[in-house]
Amino acid sequence: MAEDSDLERTEAATGRRLQQAREEGNIPRSRELSTFAVTMTGVALLMAMGERLGDFVIQLMRRLFTFDHDMVQHTEPVLLRFKESLIDTLLQLLPLFGGLALVAVAAPLLVGGWNLTFKGIEPKLSKLNPAHGIKRMFSLSALTEALKAILKSVVIGGVATWVIWNERAELIGLISMPLETALGKMMQLTFHTFLLVVGAMLLLVVVDVPFQIWNYHKQLRMTKEEVKQEYKEQEGSPEVKGRIRQLQRQAAQRRMMQEIPSANVIVTNPTHYAVALKYTEGMRAPQVIAKGRLKLAEKIIETGREHRVTVMRVPSFARALYFHAELGEEVPSRLYGAAAQILAYVYQLKLYEYNGGLAPVYPESVEVPADLDPESKRQQDAAPTANP
């Protein structure tokens, strides 16, 4: 059951999957939205340009169907007039065609946005495989498109047929009207029919746009295994990451061990924890240059002794430093007093070793706040409280 669930596409597409789909030219698009936008734009432009186009059509018809004796006898004037009329017609329709072309390009951007890629038109032998074509013909997507085409034909065709049927009397009456009146009336009937058809198309757009977005994300769904694999590719395999962290720790430890000879003192627990401190003139406070526990603590102590670094057993101070001082940083301000005690003893010990005289007194007790020492804090928490 677990293996079956891993193979089911139940997970939403990741950002990387969506980006890859866009790079391949796979983005959501709604043909119904583009068709509606172009048709609506055409109707609006025709309504805005209707009167001017109507006058132009009347003048064009008069020009084309008016002949004189010279045109009857020679073909050149006829061809010249036809050429001029064709150029004038194109110039009159240029704003209409330009507006339709602009909307045809801009409308698809409303769903899916702008995406420029040439991967979709790259030649692929797999596109020539008839099996893939047959599979697409009988796929759920093809069935959906077929149902949409049928629905569109029924809705738009039904609306157009209903409008024309209701206005059949006016259409027939155009035959008996003067040319200018008939053209004006014809334009009104055409606009009325177009508006009702565009209204029907709007219903299809309202249904198609959400469906296309939902279907797009549904097709890009991923299995749990694919999500895991993508995460591994992006973040790296856990084994590789673990190995990298191990190498980083080893490199940090080598750098840390190289700093130990410059330490002034190593405080220990005695073997559970070890922290090396360094203090030179100009520093605001001693600096932690090495710290470790168990085997690493033993290695720090051993390296320190090899380089004649003073090793002191100060359990509470060593524990407090280990848990509250980061490597390479200064000793916490609350431990300044304890650090001063330790360093003062180390300096006195160095003077005694070089010059002789009275041996310094080993600091038996070091002032360490109880809340900074885990062991002291644990003992305080475990101690019974006295009844009042």
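A nonpolar core is here a set of buried Ala, Val, Leu, Ile, Met, Phe, Trp, Tyr and Cys residues joined through side-chain atoms within 4.5 Å, where buried means under 20% relative accessible area, exposed over 50% and partly exposed in between (1.4 Å probe, protein chains only). The model is predicted: local features need pLDDT of at least 70 and side-chain atom pairs count only at pLDDT 80 or more, whereas totals for chains, interfaces and linings use all residues. Residues are numbered from 1 along each chain as its sequence is written, and side-chain values use heavy atoms, with hydrogens and water left out.

**Cores.** The largest nonpolar core has 26 residues, of which Val265, Val267, Leu277, Phe317, Leu321, Leu335 and Ile342 touch the most other members. E1, E2, H13 and helix H14 (336–355) each supply at least two of its residues; helices (H or I, at least four residues) and strands (E, at least two) are DSSP runs, numbered from the N terminus. H14 gives the largest share, seven residues. Leaving aside residues up to four places away in sequence, Leu321 touches Val267, Val275, Leu277, Val331 and Leu335, contact being heavy atoms within 4.5 Å. A second, separate core of 14 residues includes Met256, Ala274, Ile300 and Val309.

**Sheet.** Four strands form an open sheet in the order E3-E2-E1-E4, with mixed pairing; two strands pair if DSSP finds at least two bridges between them. Strands E3 (287–293) and E4 (310–313) are at the edges, each pairing on one side only. On average, neighbouring strands are turned by 20° against each other, direction ignored. Axes are lines fitted to C-alpha atoms, for helices over the stretch in contact, and angles run from 0 to 180 degrees between N-to-C directions. Strand E1 (residues 265–268) runs parallel to E4, and four bridges join them. Ile266 has Val311 of E4 as its bridge partner.

**Helices on the sheet.** Helix H12 (residues 295–306) lies across E1, strand E2 (273–278), E3 and E4, and runs at about 130° to E3. Helix H13 (residues 315–324) also packs on the sheet, touching E1, E2, E3 and E4, with its direction at about 80° to that of E2.

**Positive phi.** Most residues other than glycine have a negative phi. Two non-glycine residues with a positive value are listed below.

| Residue | Phi | Loop | Relative accessible area |
|---|---|---|---|
| Leu294 | about 55° | between E3 and H12 | 41%, partly exposed |
| Arg308 | about 60° | between H12 and E4 | 70%, exposed |
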